[in-house]
Amino acid sequence: MAIMDALGDVLFPVASGLIVAATSTILGILWRKRRVPTALVRSVWRATYLGSVLRESLRVGVSELSVVAPRLSPAGQEKHVAEIQDSWDEINKRGRVRVLTLDSDNCLRAGSELVSRGIDVNVAERGLGAESLSYHIFSGQNGIEPTAIVNHHNKDRDQPARISGTSPVQVFGDHFEKEWRASSSLETVIAEKILNQAGEGGTPNVAQVVRSLQAARHNLGLSNGVVEKVLPHLAFRHSASVIFVVGLPGTGKSHLRKIIVEMLQRSRVRCRSLSDYPYAFQGFIHELLKLEGTTTGGFTPYPGGAFTVGSESVLTPALRALANVVRNTLNESEVTLVEFARSDLVRALYEFDDIRSRSQVLYVTAPAELRATRLRRRAEPPESRIDGGTLSLVLPDNHLLPSIAEQGLYGSDDSHQLARHLRWRGRVHQIDNSIDDGGQRAQGSLDRFVSQIVDQYRPTEVVGSRR
């Protein structure tokens, strides 16, 4: 008994010391896992990492946030995500939030939740190189120090770090801008998936596309607001991926083309804008200089870099060159706007007959006197630039047109025949631009055109709930 008492006197302090040491170790581990380190040296709990992102998102003065999140989660899947979305909503109201994620159903669901709040979300369809790396870049005004929370996710463990200072954070900022430019909007990606699903059995019609949209809406949990944002991408990609802007010279085609691009870009629709003038001017220069490869004659030069042709057939190579560019670059943009002026529009559009099913025509009108006034007032000569041994020409949209061409070659066109033509019936939309008001009068016609394209794809249950 005495021996046991003696052992007890010895073991108790030892055991107590072990308990204290073990407790200290556990507390140390717990403490470390509740803080985001300043270097990628240890792991923390997922909730701790997200909590740190939340605290930084709530920092007073933050007005800009750029996020690379290859594992973006919807609200409800992880702790703090709903609160983070709320905080990002507030940042976006006073500045801008941009989120870059990957093409997975989970990321698209989470991204659509942010899009419904007005936050821009892009998808890096080619991947982000290191899918285990995510980061959040916080910045603002009034002396707010830029901060980045960088996280390495490995085997269900997070290893985050906080980085502060303009120079260190700029490295991630440059990477973000590069990847953002190479990515596509979430709305674009969803629209493409819907069309691919609808077209599995061939070329889908509108009804098939709408059914595919409804399926995607259910699978990805898309709100009515997100559906409204997806609709322009879906509708124009399916039935108006090429928009021809035609009409007689001086009707204001170039200006309206810019307005349409701005309208679509506000919906984050990716656009490309082209005209046949550079290709016609190239043919003119080739003939003027008697360059090898010139196959057509008929150009007559005029002062100021202007030219005219004796017959529209002289401009056929330019139109074919334009058509080839349109076909070869269709996948680079959701909508390609193509501008040209011809008296024989029906014949000119035959060059694009193979893409007619996905094309629309905007025919711009204005009175002859106003057209003549515009041509005189807006005409600009080409601008030449010399860089070393290279000579380049910058061609204006409002280029010079000799009066002989305006009154002769382009005195009238066959727009009435085009509107009734069997192949283009229902695809020709007249735009009245008969007042010099910056396009405000034409805006109503353009708005109706956009609505006409989009409305046919809107699911019945979404009608009346537009945002």
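## A walk through the model

Start by selecting L289, which lies in helix α10, a helix covering residues 277-289. Keep in mind along the way that this is a predicted model. L289 is exposed, because its relative accessible area of 53% is over the 50% cut-off. Now add L288 and L291 to the selection: with L289 they make up a nonpolar surface patch, and together the three leucines have about 270 Å² of accessible area.

**Next stop: the sheet**

Switch to a cartoon view and pick out the strands. In what order do the strands of the open sheet run? There are seven, arranged β6-β5-β4-β1-β2-β3-β7, and their pairing is mixed. As a reminder, strands of a sheet pair through backbone hydrogen bonds, either parallel or antiparallel.

Colour β6 (157-164) and β7 (184-185) to see the edges of the sheet. Each of these two has a single partner strand, so one side of each is left without a neighbour in the sheet.

Then move to β1, residues 62-68, which pairs with β4 in the antiparallel sense over six bridges. To see one of these pairings, select V68 and look across to β4, where its bridge partner is Y135.

**Staying in β4: S134**

Select S134, which has its place in strand β4 (residues 133-140). Is S134 buried or exposed? S134 counts as buried, because its relative accessibility is 9% and the cut-off for buried is under 20%. Show its surroundings: leaving aside residues up to four places away in sequence, S134 touches Y49, V68, A69, P70, I149, V150 and N151. Zoom in on Y49 from that list, since the side chains of S134 and Y49 make a polar contact at 3.2 Å.

**A look at E179**

Go to helix α5 (residues 166-181) and select E179 there. E179 is buried, with a relative accessible area of 9%. Draw a distance from its C-alpha atom to that of V123: the two residues are 56 residues apart along the chain, and the viewer should give 9.5 Å.

**Last stop: salt bridges**

How many salt bridges does the structure hold? The number is 29, and a few make good places to pause.

- Select R59 and E56, whose side chains meet in a salt bridge at 2.8 Å, N to O. R59 counts as partly exposed at 23% relative accessibility, whereas E56 is buried at 8%.
- Select D103 and K193, where the side chains form a salt bridge of 3.1 Å, N to O. D103 sits in the loop between β2 (96-101) and α4 (105-115) while K193 belongs to helix α6 (residues 186-198), so this pair ties together parts that are 90 residues apart in sequence. Both partners are partly exposed, D103 with a relative accessible area of 36% and K193 with 35%.
- Select R347 and D344, which meet through their side chains in a salt bridge of 3.8 Å, N to O. R347 is exposed at 61% relative accessibility, and D344 is partly exposed at 27%.

To finish, select R96, D120, E187 and R268 as a group: salt bridges with shared partners join these four residues into one network.

Key. Residues are numbered from 1 along each chain as its sequence is written. This is a predicted model: local features need pLDDT of at least 70, side-chain atom pairs count only at pLDDT 80 or more; totals for chains, interfaces and linings use all residues. Side-chain values use heavy atoms; hydrogens and water are left out. Patches are made of residues with over 30% relative accessible area and no salt bridge: like charges are joined within 9 Å, nonpolar side chains (Val, Leu, Ile, Met, Phe, Trp, Tyr) within 5 Å. Accessible areas come from the Shrake-Rupley method with a 1.4 Å probe; for residues, only the protein chains shown count as cover. Helices (H or I, at least four residues) and strands (E, at least two) are DSSP runs, numbered from the N terminus. Buried means under 20% relative accessible area, exposed over 50%, partly exposed in between (1.4 Å probe, protein chains only). A polar contact is a pair of N or O atoms within 3.5 Å; within protein, one must be able to donate a hydrogen and the other to accept it, and residues adjacent in sequence count only if both atoms are side-chain atoms. Contact means heavy atoms within 4.5 Å. Two strands pair if DSSP finds at least two bridges between them.
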